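Work through the following exercises with the sequence and the coordinates at hand, and try each task before reading its solution.

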Amino acid sequence: MPIPPAYALVATDLDGTLLRRDDTVSPRTRAALGLAAAAGARHLVVTGRPVPGVRELLAALGYQGLAVCGQGTQLYDAGAGHIVHTVTLDRELADAALGKIEAQVGQVFAAVDQDGPDGRTLIEPGYRMPHPALPSQRAQHRDELWAAPVIKVLIRHPDLDDDALAAAAHAAVGDLATVTLSGPGTVELQPYGVDKGAGITAAAEHLDLDPMTAIAFGDMPNDLPMFRSCGYGVAMANAHPLLRAAADEVTLSHEEDGVAVVLERVFCRSPKN
C-alpha cells in the first residue's frame with residue numbers, strides 16, 4: 001500500500017490553471033496527476049464553472065472524482081454523474097444586490113447560472129460571455145433571469161475594469177451576497193459566505209480528509225479562499241497579482257505545465273517531456 005503523501009489532496013482550479021487555452025490538459029500534467037494518485041493523493045477539481053458547463057469537459061478528461069463547482073455552490077460527483085450538494089442564491093436578494101451596485105456605478109449587464117444538472121446560463125441584453133466556449137441563452141429582459149433558482153449572478157460594466165467593478169460591488173452589496181473576481185470579464189455574486197474555501201472544506205469532509213492536507217493551485221482572486229482553507233497555495237505565473245502575493249509559491253504558467261512542475265517535485269519524480 002502506498003505511504004500516505006504529505007499532501008493527501010491536490011486541489012486545482014480549471015481555467016488558467018489546469019487547463020491550457022484550448023481547454024485541454026497537457027500529457028505532462030496528466031502524468032503528474034497520475035504520480036500524485038499513485039502516491040495516494042486525491043485530485044479535486046475546484047472551479048467557478050457550474051456543473052452543466054463542466055460536465056462534458058470532466059468526462060473528456062476522464063475525471064471521476066468530486067468537483068467543487070459554481071464557486072463552491074455545487075459539489076458534483078463526476079463518476080456518478082449527480083450533484084451531491086447545492087446552495088442557491090436567493091433571487092430577491094440577488095435582484096436587490098444588482099440594484100445597489102447600479103446605484104453606485106450605473107448600469108451593469110447581468111447573467112445567471114441556474115441551479116441543477118441541466119441549469120442554463122441566461123444572459124440579459126448587453127451581456128457578453130467572457131468564455132465563448134460556455135453555452136448560454138439570451139433573455140429578453142432582466143426579470144427572466146429570476147424565473148428559476150440560481151446559484152450565482154455574473155455582472156459586467158461597460159466602462160469599469162474587473163478590479164474596479166469587483167471592489168464597487170463588494171462595497172455595495174454588503175452581506176446580501178459574496179462577490180468574487182474569477183477571471184477576465186467575470187465578476188460574480190453567489191450566496192453570502194459561499195466561496196471556493198467553503199466548497200473545498202465541504203468536499204474534504206465528504207472525502208474524510210483534512211483540507212489542510214491539500215495543496216491548491218489557482219490563478220484568480222476567487223482562489224484566495226481556497227488557499228486560506230488549504231495547507232499550501234500555488235499561484236500560476238499568469239495569476240492575478242493578489243493571488244501571487246498570497247501564495248506560498250508561484251509556479252510556471254498554465255501553458256508551461258506549472259501544475260506538473262510542482263507535483264513532480266512534491267511527489268519526487270524528475271520531469272519527463
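Helices and strands here are DSSP runs, numbered from the N terminus, with helices (H or I) of at least four residues and strands (E) of at least two. The model is a predicted one.

**Exercise 1. Two loop residues and their backbone**

Task: Locate D208 and D23 relative to the helices and strands, then state the sign of phi and the exposure of each residue.

Solution. Begin with D208, which lies in the loop between α6 (196–206) and β12 (214–218). Its phi is near 60°, a positive value in a residue other than glycine. The relative accessibility of D208 is 70%, and because exposed means over 50%, D208 counts as exposed.

Turn next to D23, whose place is in the loop between α1 (14–18) and α2. D23 also has a positive phi, of about 65°, although it is not a glycine. Its relative accessible area is 18%, and since buried means under 20%, D23 is classed as buried.

**Exercise 2. The packing of α2 and α9**

Task: Describe how helix α2 packs with helix α9, giving angle, axis distance, handedness and the residues that meet.

Solution. Two packed helices are described by the angle between their axes and the distance between the axes. For helix α2 (residues 27–38) and helix α9 (residues 258–266), the angle is about 30° and the axes are 8 Å apart. Angles under 35 degrees count as roughly parallel, so α2 is roughly parallel to α9. The crossing of these two helices, α2 and α9, is left-handed.

The next step is to list the contact: on the α2 side it involves R28, T29, A32, L33 and L35, and these meet V259, A260, V261, L263 and E264 in α9. Sorted by character, the residues of the contact of α2 with α9 comprise 7 nonpolar, 1 polar and 2 charged.

**Exercise 3. The packing of α4 and α5**

Task: Carry out the corresponding analysis for helix α4 and helix α5.

Solution. Helix α4 (residues 91–105) and helix α5 (residues 162–173) pack at an angle of about 120°, and their axes are 9 Å apart. This angle lies outside the roughly perpendicular range of 65 to 115 degrees and is not over 145, the cut-off for roughly antiparallel, and therefore α4 is oblique to α5. The crossing in which α4 passes α5 is right-handed.

In this contact A97, K100, I101, Q104 and V105 of α4 meet A168, A169, A172 and V173 of α5. The residues of the contact of α4 with α5 divide into 7 nonpolar, 1 polar and 1 charged.

**Exercise 4. Two buried residues and their surroundings**

Task: For L98 and E124, give the location, the exposure and the contacts beyond the neighbours within four places in sequence.

Solution. L98 has its place in helix α4, and with a relative accessible area of 0% it is buried. Leaving aside neighbours within four places in sequence, the residues in contact with L98 are V108, A110, R142, W146, V153, I155 and L189. One of these, V153, is 55 residues from L98 in sequence, while the two C-alpha atoms are 9.1 Å apart in space.

E124 is found in the loop between β7 (121–123) and β8 (137–138), and its relative accessible area of 6% makes it buried. With neighbours within four places again left aside, E124 is in contact with V108, F109, A110, R138, A139, R142 and L145. For a longer span, take E124 and A239, which are 115 residues apart along the chain and whose C-alpha atoms are separated by 29 Å.

**Exercise 5. Sequence separation and distance in space**

Task: What are the C-alpha distances from E92 to A37 and from E92 to P184?

Solution. First place the residues: A37 is in helix α2 and is partly exposed at 48% relative accessibility, whereas E92 lies in helix α4 and is exposed, with a relative accessible area of 68%. A37 and E92 are 55 residues apart in sequence, and their C-alpha atoms are 44 Å apart. E92 and P184 are 92 residues apart along the chain, and their C-alpha atoms are separated by 27 Å.

**Exercise 6. Cysteines**

Task: How many disulfides are there, and is C230 buried or exposed?

Solution. A disulfide requires two cysteine sulfur atoms within 2.5 Å, and by this rule the count comes to 0. C230 is in no disulfide, the nearest cysteine sulfur being that of C69, 16 Å away. C230 is buried, with a relative accessible area of 4%, whereas C268, at 69% relative accessibility, counts as exposed.

Conventions. Residues are numbered from 1 along each chain as its sequence is written. This is a predicted model: local features need pLDDT of at least 70, side-chain atom pairs count only at pLDDT 80 or more; totals for chains, interfaces and linings use all residues. Side-chain values use heavy atoms; hydrogens and water are left out. Axes are lines fitted to C-alpha atoms, for helices over the stretch in contact, and angles run from 0 to 180 degrees between N-to-C directions. A crossing is left-handed if the near helix is turned anticlockwise from the far one by less than a right angle, and right-handed if clockwise. Contact means heavy atoms within 4.5 Å. Ala, Val, Leu, Ile, Met, Phe, Trp, Tyr, Cys and Pro count as nonpolar, Asp, Glu, Lys and Arg as charged, and the others, Gly among them, as polar. Buried means under 20% relative accessible area, exposed over 50%, partly exposed in between (1.4 Å probe, protein chains only).
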